[in-house]
Amino acid sequence: MFDISNLYKTYDGGTQNVNVLSGVNFKCEEGEFIGIFGASGAGKSTLLHILGGLDFPTKGEVKFDGEDIYKKNKRFLAAFRNKTVGFVFQFYHLLPEFSAVENVMLPCLIAGQKRKEAFANAKEALQFVNLEDRDKHKPSELSGGEQQRVAIARAIVMRPKFVLADEPTGNLDESTGEKIFLNLEKLHEAAKTGIIMVTHNPDLLRKIPRRLELKGGLLHEAK
Ligand code: ADP
């Protein structure tokens, strides 16, 4: 699955460059559940974006199933983002003018599915997160936890191999965050989807089988 070696990311800060990742090495297998933690500004979002094909590394290899995703063409990278990985963000990033089901249909339409097929897949994904009865609601008519469940449905509608979740419970109260986490656990167990989740929450981290700390630009296995 993911095989990352010697990964560097430097942002050009004008007068001063920011070295965020300084030689990250990381491997994981299909269907693993991984928690990543580290101080604010350590580079967790940067790393997740690079894993998900959203941001180019400065140097190093990002291999998925043996292929370096950043050495392929734009089409490959777009298909990787659309089909192989799904993203869940802290602030949901749903499109406000679209209903829940329309938001979830979008990756399917981008992949070229017909509306009817996309609709059926989106309904199924919403059912997975127990939101099938709220499909016509716009994001503003849903609670934070419900919006995040719609975002999870959108992330899984193409049945990705990995879901990359960037502090998915960071904007929610404890019990709502716990429910979101249960949805991710269910996804891991029922669909064998790999999950790489950034979180600050020690209670959630304890429940994740493999934990990694990002510190000093490097990723360390944590106990
Ligand atoms: P974390 O997710 O661990 O809080 P980030 O990956 O968001 O950390 O950011 C790591 C560092 O990189 C921070 O110092 C941040 O300011 C910097 N950074 C992130 N994105 C950019 C960017 N597009 N341009 C310049 N600096 C950036």
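Biologist: Which elements do the buried residues of H2 pack against?

Modeller: This is a predicted model. Helix H2 covers residues 74-84, and its buried residues are Leu77, Phe80, Asn82 and Thr84. These residues pack against two helices and several strands, namely H1, helix H3 (100-110), S1, strand S4 (59-64), strand S6 (85-88) and strand S7 (162-166).

Biologist: H1 is on that list. Is leucine 48 of H1 buried or exposed?

Modeller: Leucine 48 sits in helix H1. A residue counts as buried under 20% relative accessible area. Leucine 48 has 0%, so leucine 48 is buried.

Biologist: Which residues does leucine 48 contact, leaving aside its neighbours within four places in sequence?

Modeller: One partner is isoleucine 196, which is 148 residues away along the chain. The two C-alpha atoms are separated by 8.2 Å. Contact means heavy atoms within 4.5 Å. By that cut-off leucine 48 is in contact with Phe87, Leu164, Ala165, Asp166, Ile196 and Val198.

Biologist: Where is threonine 46, and is threonine 46 buried or exposed?

Modeller: Threonine 46 is in helix H1, residues 44-51. Its relative accessible area is 10%. The limit for buried is under 20%. Therefore threonine 46 counts as buried.

Biologist: Which residues is threonine 46 in contact with, leaving aside neighbours within four places in sequence?

Modeller: Glycine 13 is 33 residues from threonine 46 in sequence, and their C-alpha atoms are 15 Å apart. Glycine 13 is not among the contacts. Threonine 46 is in contact with Lys9, Tyr11, Val20 and Leu21.

Biologist: Lys9 is one of them. What lies 2.6 Å from a polar atom of the side chain of lysine 9?

Modeller: Lysine 9 is in strand S1, residues 2-11. Lysine 9 is buried, with a relative accessible area of 8%. Its contacts include Thr46, Ile50, Asp55 and Phe56. The atom at 2.6 Å is the backbone oxygen of phenylalanine 56.

Biologist: Now the ligand. Which element gives the largest share of the shell around the ligand?

Modeller: The residues around the ligand include Tyr11, Val20, Gly41, Lys44, Ser45 and Thr46. By class, the shell has four nonpolar, five polar and one charged residues. The largest share is three residues, and the element is H1.

Biologist: How much of the ligand's accessible area does the protein cover?

Modeller: Start with the polar atoms. An oxygen atom of the ligand is 2.7 Å from a polar backbone atom of glycine 41, and ligand oxygen also lies 2.8 Å from a side-chain N or O atom of lysine 44. For threonine 46, the distance from a ligand oxygen to a side-chain N or O atom is 2.6 Å. On its own the ligand has 570 Å² of accessible area, and the protein covers 57%.

Biologist: Step back to the whole protein. What is its radius of gyration?

Modeller: The protein has seven helices and ten strands. The globule rule gives 17 Å for 223 residues, and the protein's own value is close to that, so the protein is as compact as a globular protein of that length. The radius of gyration is 17 Å.

Biologist: What share of the 223 residues is buried?

Modeller: The C-alpha trace spans about 50 × 40 × 35 Å along its principal axes. The accessible surface comes to about 11,200 Å², and 50% of it belongs to carbon and sulfur atoms. Among the 223 residues, the buried share is 51%.

Methods: Residues are numbered from 1 along each chain as its sequence is written. This is a predicted model: local features need pLDDT of at least 70, side-chain atom pairs count only at pLDDT 80 or more; totals for chains, interfaces and linings use all residues. Side-chain values use heavy atoms; hydrogens and water are left out. Helices (H or I, at least four residues) and strands (E, at least two) are DSSP runs, numbered from the N terminus. Buried means under 20% relative accessible area, exposed over 50%, partly exposed in between (1.4 Å probe, protein chains only). A residue is near a molecule or strand if one of its heavy atoms lies within 4 Å of it. A polar contact is a pair of N or O atoms within 3.5 Å; within protein, one must be able to donate a hydrogen and the other to accept it, and residues adjacent in sequence count only if both atoms are side-chain atoms. Accessible areas come from the Shrake-Rupley method with a 1.4 Å probe; for residues, only the protein chains shown count as cover. Ala, Val, Leu, Ile, Met, Phe, Trp, Tyr, Cys and Pro count as nonpolar, Asp, Glu, Lys and Arg as charged, and the others, Gly among them, as polar. The radius of gyration is taken over C-alpha atoms; the globule rule is 2.2 Å times the number of residues to the power 0.38.
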